[in-house]
Amino acid sequence: METDKKTEANIVRAYQRYLKLQRGYSVHTLEAYRRDLEKLLLYLEQEEKHVLDVQLADLQHFAAGLHDIGIHPRSQCRILSGVRSFFRFLQLDGYRDDDPSELLESPVLGEHLPEVLSADEVDALENSIDLSKWEGQRNRAIIEVLFSCGLRVSELVNLKLSNLYLSEQYIRVFGKESKERLVPISPKAIRELQNWFVDRNLMKIKPGEEDYVFLNRRGAHLTRVMILIMIKQQAALAGIQKTISPHTLRHSFATALLEGGADLRAIQAMLGHESIGTTEIYTHIDMSTLRQQILEHHPRNMK
């Protein structure tokens, strides 16, 4: 049994090296995968089952247990996605000849359309900022870049000066798994950045942080939590009732493009989505907008 535990521990370490070195996952993503895998390993330990002996029925019982203890269906999907990743690795690396997770089903999720903001609401968000405060212009630039470029918040906090090509009106972004893409940037976002650079140039910046675009008062780059708190505070000040986050601005960017007639493949490239299926949620958002327009403006619906 002790030998089995050592073998399992070695396999898990090999899997973590694979995620880090071959898949290029961030520290945050690696930690999420580790936590989810631990749930499976704990279950297998209780069942006295080694990972190399697991069958589909074992994984189905594990999945049923997630439901029974009240884990949200969306979290169940994430955990089971990690399980599939682990067993694909075991097959890929020759630990197993088969992949027992291949037919493992995830719970069906209901259609969930994310909140979006109109351009007017984004303007209200920016106009609610007090520019007399040190961080005022920085926050305006953050909101405008998120909305104009559709960045993930992790991409924004890691944005570097060396990846800005403002005279050519595009920026270079490193997304999930360090995948690089070029994203156009609007003249308005460029103006907000240039105004922020006036304040930034007066700062004392920590060694090693000089290339980051957005900095805190201490001269270090921002965290995702700082951006989240700022967005929520500004939404409250702007009187926006929707529940929003930095990701809301990314959704709003994509929806605005679709409503403006942009091709879905172009939006996929701009967002850095690996699968067009991920991008297709915005067609549902656009259809809901279209439905509302029909209800309000079609002559058969007008009183």
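Colleague: Which residues have the most contacts inside the largest nonpolar core?

Modeller: This is a predicted model. In it, Ile 171, Leu 193, Phe 214, Ile 227 and Leu 249 have the most contacts inside that core. The core has 47 residues.

Colleague: Which elements each supply at least two residues of this core?

Modeller: Strand β2 does. The helices are α5 (119–127), α6 (136–149), α7 (153–157), α8 (187–200), α9 (224–237), α10 (246–259) and α11 (264–271). The largest share, 7 residues, comes from α6.

Colleague: What does a second core include?

Modeller: The second core is separate and has 28 residues. It includes Tyr 33, Leu 40, Leu 41 and Ile 79.

Colleague: Back to Ile 171. What does Ile 171 touch?

Modeller: Leave out residues up to four places away in sequence. Then Ile 171 touches Cys 149, Leu 151, Leu 159, Asn 163, Leu 164, Arg 181, Leu 182, Val 183 and Ile 185.

Colleague: Which face of β2 is Ile 171 on, covered or uncovered?

Modeller: Covered, along with Val 173. The uncovered face of β2 (residues 170–174) has Tyr 170, Arg 172 and Phe 174. In a regular strand, side chains alternate between the two faces of the sheet.

Colleague: And how many bridges join β2 to β3?

Modeller: 5 bridges, with the strands antiparallel. Strand β3 covers residues 180–184. Ile 171 stands opposite Val 183 there.

Colleague: What about β1 and β2, how many bridges?

Modeller: 2 bridges, also in the antiparallel sense. Strand β1 is residues 164–165. Leu 164 has Ile 171 as its bridge partner in β2.

Colleague: Which residues take a positive phi in the two hairpins?

Modeller: In the hairpin of β1 and β2, Gln 169 does, near 65°. That hairpin has 4 residues between the strands. In the hairpin of β2 and β3, the residue is Glu 177, in the turn, with a phi of about 55°. There, 5 residues lie between the strands.

Colleague: Switching to charges. How many salt bridges does the structure hold?

Modeller: 16. One of them involves β2: Arg 172 pairs with Glu 180, closest N and O atoms 3.7 Å apart. Both partners are partly exposed, Glu 180 at 46% relative accessible area and Arg 172 at 25%.

Colleague: Which residues are joined into one network?

Modeller: Glu 126, Arg 140, Glu 144, Lys 188 and Glu 192, through salt bridges that share partners.

Colleague: What about Arg 34, which residue is its salt-bridge partner?

Modeller: Glu 31, with the closest N and O atoms 2.4 Å apart. The two are 3 residues apart in helix α2 (residues 27–46), so about one helical turn separates them. Arg 34 is partly exposed at 29%, and Glu 31 is partly exposed at 30%.

Colleague: Arg 152 and Glu 155, buried or exposed?

Modeller: Both are buried. Their side chains meet in a salt bridge, 2.5 Å from N to O.

Colleague: Then there's Arg 84. Where is it found?

Modeller: In helix α4 (residues 73–92). Arg 84 is buried yet has no salt bridge.

Colleague: What is the nearest side chain of opposite charge to Arg 84?

Modeller: Asp 99, 7.8 Å away. The cut-off for a salt bridge is 4 Å, so that pair does not count as one.

Colleague: What is Arg 84 in contact with, then?

Modeller: Ser 101, Leu 104, Glu 105 and Ser 106, leaving aside neighbours within four places in sequence.

Conventions:
Residues numbered from 1 in each chain as written. Predicted model: local features only at pLDDT ≥ 70, side-chain atom pairs only at ≥ 80, totals over all residues. Heavy atoms only, no water. Buried < 20%, exposed > 50% of the residue type's maximum accessible area, 1.4 Å probe, protein only. Pairing = 2+ DSSP bridges. Core = buried A, V, L, I, M, F, W, Y, C linked by side-chain atoms within 4.5 Å. Contact = heavy atoms within 4.5 Å. Lys, Arg positive; Asp, Glu negative; His and termini not counted.
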